[in-house]
Amino acid sequence: MLKEQIEATFFEGLKRKEVGDSANKPPLRMFIYMQMLSYVAPILFSIALKTTKRWETAENERKDAANVKLHSELQHLRYQLQPHFFFNSLNNIYSLVDISPEQAKSTIHSLSKLMRYLLYETNIEEVPLSKEIDFMKKYLELMKLRISDKTQVISQFPSEVTSIKIAPLLFISLIENAFKHGVSANKDSDIKINLSTEGRTVQFKIENANFPKQTDDKSGSGIGLQNLKKRLDLLYPNKYMFKTEIVEGRFLVHLQIET
């Protein structure tokens, strides 16, 4: 009897030990999941890394293509502006040939200086604002040769040399437009031009009398202001303000650029 009790107690303890050992071991399904994860995780990481690199490459290519497109559009607009400028200047000289040959000669000489700047110094993204100011002053001297005493031109530019750089030939279209629409052959008129800087901000304002062209007047193509707006959109997105308005018979222009 004692022997049977001892054997029963032994086997009961052994049974309990086996049950406890099986309870401490992780389930087989979890073990399989852990093994699969150890193999899949590196693969997923490698796929994510390659996808990220491909996205970065595609994004860089997109930016490069956008920059090339931007450069091409700006070059196209610049090439449009130069013939337009020369065409208007030659028309001015032509009108002087019969009236004042000496003035015509002087104008051709002044135009050659302007052409040198246009052809050789503006084929870059930015030029010193001081050079643009010098260009505008020379252009105003050129235009004053062809207007009568009935038109007064008042211009004001910064007296100090500024370190600001700006895209070339942004203001010339506005000056051309002022002479085109603000000058009358038989009425008194005036053109006021003001350029100022504050920090990195450039303010350019023009005020002139408004003498609208007749509907049958085909002089000029109107490309100047259209060209300017497109260039501003491309060069200074969200960094410029351009406003034109007619107030009491006078045409007002305000261009502000954050450089």
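**Exercise 1.** Decide whether helix α5 (residues 172–181) is enclosed or open in this predicted model.

*Solution.* Start with the cut-off: buried means under 20% relative accessible area. Next, list the residues of α5 that pass. They are Ile172, Ser173, Leu174, Ile175, Glu176, Asn177, Ala178, Phe179 and His181. That makes nine of the 10 residues in the helix, so α5 is largely enclosed by the rest of the structure. For the background, buried residues make up 30% of the 259 residues in the protein.

**Exercise 2.** Classify isoleucine 32 as buried, partly exposed or exposed, and place it on the surface.

*Solution.* First, locate the residue: isoleucine 32 belongs to helix α2, which spans residues 28–97. Its relative accessibility is 40%. Partly exposed lies between the 20% and 50% limits, so isoleucine 32 counts as partly exposed. Now look at its patch. Ile32 joins Met36, Tyr39, Val40, Ile43, Leu44 and Ile47 in a nonpolar surface patch of about 710 Å². The accessible surface of the whole protein is about 17,500 Å², and carbon and sulfur atoms hold 57% of that.

**Exercise 3.** Describe the order of the elements and the sequence range of the contacts.

*Solution.* Count first: the protein has six helices and seven strands. Then read from the N terminus: α-α-α-β-α-β-β-α-β-β-α-β-β. Finally, take contacts between residues at least 6 apart in sequence; 72% of them join residues at least 24 apart.

**Exercise 4.** Identify where confidence drops.

*Solution.* Begin with the average: pLDDT is 78, and 75% of the residues score at least 70. Residues 17–23 fall below 50, with zero contacts beyond near neighbours in sequence. Residues 217–221 are also below 50, but this stretch has four such contacts.

Definitions and conventions. Residues are numbered from 1 along each chain as its sequence is written. This is a predicted model: local features need pLDDT of at least 70, side-chain atom pairs count only at pLDDT 80 or more; totals for chains, interfaces and linings use all residues. Side-chain values use heavy atoms; hydrogens and water are left out. pLDDT is the predictor's confidence in each residue, from 0 to 100. Contact means heavy atoms within 4.5 Å. Patches are made of residues with over 30% relative accessible area and no salt bridge: like charges are joined within 9 Å, nonpolar side chains (Val, Leu, Ile, Met, Phe, Trp, Tyr) within 5 Å. Accessible areas come from the Shrake-Rupley method with a 1.4 Å probe; for residues, only the protein chains shown count as cover. A salt bridge is a side-chain nitrogen of Lys or Arg within 4 Å of a carboxyl oxygen of Asp or Glu. Helices (H or I, at least four residues) and strands (E, at least two) are DSSP runs, numbered from the N terminus. Buried means under 20% relative accessible area, exposed over 50%, partly exposed in between (1.4 Å probe, protein chains only).
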